[in-house]
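Reader: Can you put the structure up? I have a few quick questions about it.

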Amino acid sequence: MNEIIIETIIQVLAVILLSPLYAGILDKLKANVSTRRGQSIFQPYYDIFKLLKKESVVSINASAVFIYSPYVVFSIYVLISFVIPVVYPQPIIFTPTVDFLGGALLFSLAAFLKIISAMDSGSNFVALGTSRAISFNFLGEATLITVFFAVALITGTNNPYVELKFAENPEYYLALDHVFASVAFFMLWLFETGKLPVESSGLAEMGMIDDALTYEYSGKLLALLKWGSYMKQYLLGSVLLNVFILPWGLQTGILGAIEDLGIMFLKWLFLIFIAVVIDTSLAKLRLYKVQDFLAIAFVISILSLMFSVIEYD
Amino acid sequence: MRRKIGKLGKFCLYNDGYVEREEEIEKRTYTPAYGSFDFVYGPSAGGLMESVRLDIITFGEYIRNVIVNPYYKSRTIKIKGKGINDALLYIERINAPFTASHTIAFLMAIEKALGIEVPYELLLDRIAEIELERIRNNLLVIERLTESAGFQVPMNSLLWLVEKVNRIIGKYFGHRYFFGVNYYGGINVEEGKIKDLEIIEKEFNDLFNSLIESRIFIDRLQGNGIIEDEESIGPAARAANLEYDARNEEIGLPYKDLEFKISTYDSADAFGRFIVRGKEIFESLNMLSRINLKKIEYKGKLAEGKAIGRVESPSGDLAYYVEVSNEGKISEIYLLSPSSVNIKLFSKSMVKNIFTDLPFNWESFGIWISEIGVKFE
Amino acid sequence: MLQLLILFLLLVSIVISLFNRKIGYSLLGIASALIIYQGLHCIFFLIAGIVWLLSSAFSIFYDNYGKWLSPLFITSILGMYIVLISNNYLEFLAGWEIMSIPAYAIIGLNKKIDYPAFTFMAFGELSTVLILSAFIYSYSITDNIYFTELSSPLPFIISTFGFIVKMGIFPFLVMEWLPIAHGSAPANSSAILSATMTLMGVYGIIKIASLTQRTIVTQDFGFILLGIGSFSVFFGALYAYVSEHVKGLLAFSTIENNSSILTGIGVYLISQGVLSQFALDVTLVFALAHSIAKTGLFFISGSVEGESLTYIKIAKSLRGKIGGILLASSMSGLLPNIGGVAAWGLLESLFMLAYVEHSVLSIIPIISGSIVAMGEGLATGALIKFISYTQIFKLGKTEGSAKVSIVLLVGIIVLLLGSVSYIFFRGFTTGVACLGMLEGLLIISSYREPFGGISPLYVLLLLFIISLVTFGIFGKPKIRRSETWNNGEKIEDQFSSFALANNIRMMLSKLLRTKILENEVVFSADIFWEAMYSLAKAYKKFSRILSTSYMNSSLSYYIFYMILAFIIITLLAVII
Amino acid sequence: MSWFLKGIKRGIRTEKFPKEKPLEVAPWSTQIEGEGNVNCPTNAIEDNKWTQEKCIFCRRCFPSYKPTGDVNIFDVKKRNPTFRKSFYIYPIDVGTCGGCNLELKLLTSPQYDMSRFGIFFTNTPRHADALLVMGIMTEGMREALMRAYEAMPEPKLIILLGACAISGGLLGLPPEIKGDVRIAGCPPNPYTILKALIEAKGD
């Protein structure tokens, strides 16, 4: 019991504390490829610490919803870090709270709250971003659900930990349904974490999707939301790595859990490398083409579902 | 063929002259419709380099109409009654990115009004200034386009180029924006052939050719902001295959001797304007390689007169009408800035596009707000 | 005994409401509370009881429509109650008509336009005809008007179509949203129309299904229901998303939810054993989640002035905001609300079905599941829009009222129901002590093997605790109020609700047949409605020819028709 | 992929400033030194003394006065170590000629790359640590400037960029806002701006 508590603590703390680092490394490498020296890899931490010290300016139209939602959004991501294999390959305390699909619903809950609380500010720019975010949501959410089910249909259980074990088997790893699900989930990861070709954060307000949701936030509240989105990127990215692309190598036991931190770091370097290549090679799609991008991801995920039931007939 | 350029004070300027005429102000109206509202973008926005307010009348994402208000930062320039060289200090600061075009057009108007013969080499120096300015501005425009597309590598490479050109200008002219370079009676310049241009050509060639091949990027520009208007100027006109270019016309600068070739394209959208600007960079580099900068002076004189000076600025025709009194003071001055024409074209071309097209279209016109809202006093 | 008492109370409250509506509604509330008590054994009573109790409380503060509303409202509820307690076809039908006819009257009396009530009635009666014929057929094969086991699936299939019409599912979408949107029924009536009248449809289907012997035919019919259901989920959610009408949006969302329920019934019919039981539980929880959350949302729609989301006038309050957010998140299928449990269960059962079938047939649940997932996404968008423009985003005066407190109450009920949803999943709960999950606090979805699981109570508690810890660690922010930053200008025009949904109109222009003109965006509010409307118009013309005097738009003839229909049905009931 | 390789091939082009000397500085944006009485249009040179805040670098004083090539022409009255590692700037243009806007933008170019010091631009004052004001005060922008200042969370800095914003320069009057950091030049050289920003954030 003690052992599992320590493993739990390692996983949850790793998600909370290390997630900004990966974002920092990604930004640094992106800058380097774009011929700049770029910011420190610890920049996300610096930003967060500075923001925590600042006051929060709140729109006169906003209510308590605007002020307290960031805490809940942050907590939802912390909760998710209990339930999916993002560092440690075996169930930890509270893991059965939700299954894979439940996890997807929690991600949706965070997105929902984020949108609602941002809208509470009454800003037109937030509404602009919201109108885009929710119009792609139906494909994004559907793909997230179907991809998670692709996993479930292969293993006969909606438990990511079982899937992880399953995927380690090369015969299965190379199977068509797994490959398709991986591709679909990767595309979704790009969308959900605001990467090209869907979105890139810049100064232009007209192109904002997710950025618009933090447009009115400042100070501590902004820090929480930023941190939350780093965690989201880490959580989804780690699922992508551990369940889909690189299921191997994770160790068990307390020592194993500590080793896992290093292993996850290596895995993440791989994912960051791919992300950098994509982020520096592509331009932003036309807004309505994002729908096509997501529709492709969705269709691929459905195909993967179909393969999974037909292949093992 | 006669073409209309635009409104120059109380005149209407044509490529071969001007007529006195009060231009009726075109008031663009829109009828209210269910669900449509006015989305205010600006005046102080991160995506716009200067302060300008865009009232976007929209059904949501779809643009019904754009009303541009460039008068937020309009400055009053107290220039009347000042001597020519004093006035130049003000003219320089109307629009820094186009300073060479502004000062040269102004000086050409003065020189024409006073009947001064300008030495040929000085005219070549002036062409060098304008062309360097064009290169910088076109690079910046293309950079802004790639920035809007979140296209990291070309964006940074282009910024690198812009800074490079700025340094070249600074090195040869002492100031990165041609402030204090032109004056009534001569020019401040380092003599010699401009070096390092081949680096720019090589780098830009590589970038431009790859950008044209980038499907996603081109897709953002094609079909965006289509404008085929007889009254358009600059790259916007040339992209629509209209051979409108002051450099091709008799304006007093010896472009013909540098074998200037006009660049046109047959797609009147942001993509066409992007291509035209790209091609013009090569053309300008080509012309610059034929110019040897020389420091030359000429003698001014005191006389009365009025005239128009016109150049092709990076974004289209730029003209000054100047009246000089016999004490050598400016008594009347009008400005036709390319941005004031382009802003109308922009606003027309934006209709029926969507919000995310707006930055691309806006940048493709190369509009500078600072030169629009200028009031002379 | 209890039933008689409730019936008596309802009848009394009808009579009293003629004189004093507040007392009438209060009596209705007492009756509803008794129904909830009765509902401890049957979930339908529970759902209906809660909705009626809340609606009666809301009506006390809300009803200012004149004398006619309260008696009609309570009569309709009486009808529904009769449907629920009926144990033979006749009582059921009688209840059905007692429920429907006052509803026609409410819609007909409230609005001057003639077609909503007319269409509602036309389709309503179509539903009755189908159900009636199914009952007559089952009477002919069983020789018994009591609910007994049916060997033929035919009555079930026919009556199901009848109930589907009442639930407003494809291709009868018109049925649900049109009267509410165009007839603009009072909010309390919309709530019971949308939440409980459609619930009666669910009840009917499940009731008859439980009587019918499972055969290959019912199984195939289940697949058809999956198809119809998922298709309607998508279109219901899509039309809700683009709808501009405060109540129309909710009505479309009801279609979406009813279709989800139908999909659940589909799984229930197709599968066997454990999975079938699980699907049934999910269907009931879904009905519960939908009915209660939808009631609350209709209450919100009752507190605005005007009909179109873009131009309504609203009154905001923190209570309303929080209540609205809880309701909208439950409606969007988000944990830890009851709606989240329901959405989770539905998707799990669909995919479990695909896994269990493990054949080419699996493609049907897979496609349905994917479409349902898309529908959930669209529904989230629709509800974000609704809640933004009725409470969150839109500028309006700030004031709380008793009505708003009821909304908050409903929101909290929806949240807490999620945490007690274990009681609806008997036999599907477990625990994992070694991972900190106490016995009985984990809902397991299972076919024969366990498939997945959630623990809504844990989600709620953990979220609460982690939020507290987060708050403790980071502390309260230092707040300073300032204007909304709008690029240095004051906001003159707020982003319109029409504009918020316009992306979808443009992106799905093929589905919605969007055309953007100079001064307007034309899109079909519902392509099925267009087809149905032309059909209804043809029918109307036909009936005009048939009986000009009965069927013109004059109100008195409606009432005449209603009374006539009522008498005929009652007579039928008595004679047989 | 091709762009990725292109980027890699180009290598890192960021200069080592401020550790190393600035390269190729345009002379007429640096400190001016000299002697004698000259006719200065903005009275930046009075009694043999050059005031950097007023100078518009018009060369009227040449050759009595000459540029030295020293780019450190700014003064920092208040710095805030909170922003040492993370400094977000919201630029607002209240009436410029476009020069300051462009020079400021060039701070993001690979040569200068302000992000390596943790300095970034932001598009909303809510996220900003410093309000960077440039240009002379114009009627239309007065309200917007006040709103932007109001919209920013404390602690915050005000940076005045260019002669116009500090002293009104040649064209008009400066904005009515007290500057914590004042960066001289017309327009200021990117090196000057970068150095000033680094100092303002308390390094």
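Author: Here it is; we can take chain A and then where chain C meets it.

Author: Bear in mind that this is a predicted model.

Reader: Fine. How many helices and strands does chain A have?

Author: Chain A has eleven helices and one strand. Along the sequence the pattern runs α-α-β-α-α-α-α-α-α-α-α-α.

Reader: What is the radius of gyration of chain A, and what does the globule rule give for 313 residues?

Author: The radius of gyration is 19 Å and the globule rule gives 20 Å, so chain A is as compact as a globular protein of that length. The C-alpha trace spans about 60 × 45 × 40 Å along its principal axes.

Reader: And what share of chain A is buried?

Author: 73% of the 313 residues count as buried. As for contacts in chain A with a separation of 6 or more, 81% are between residues 24 or more positions apart.

Reader: Change of topic. How many residues does each of chain C and chain A put into the contact?

Author: Chain C gives 76 residues and chain A gives 77. On the chain C side, helix α15 (residues 363-392) supplies the largest share, 15 residues.

Reader: How does that side of chain C divide into nonpolar, polar and charged?

Author: There are 44 nonpolar residues, 24 polar and eight charged.

Reader: Back to strand β1 of chain A. Which strand of chain C is joined to it?

Author: Strand β6 (residues 479-482) of chain C is joined by four bridges to β1 (residues 56-59) of chain A, and the two run parallel.

Reader: Which residue stands opposite Val58(A)?

Author: Arg481(C), in β6(C).

How values were computed: Residues numbered from 1 in each chain as written. Chains lettered and ligands numbered in written order. Predicted model: local features only at pLDDT ≥ 70, side-chain atom pairs only at ≥ 80, totals over all residues. Contact = placed C-beta atoms within 7 Å. Nonpolar A, V, L, I, M, F, W, Y, C, P; charged D, E, K, R; others polar. Pairing = 2+ DSSP bridges. Rg over C-alpha atoms; globule rule 2.2 N^0.38 Å. Buried ≥ 20, exposed ≤ 12 C-beta atoms within 10 Å, placed from the backbone.
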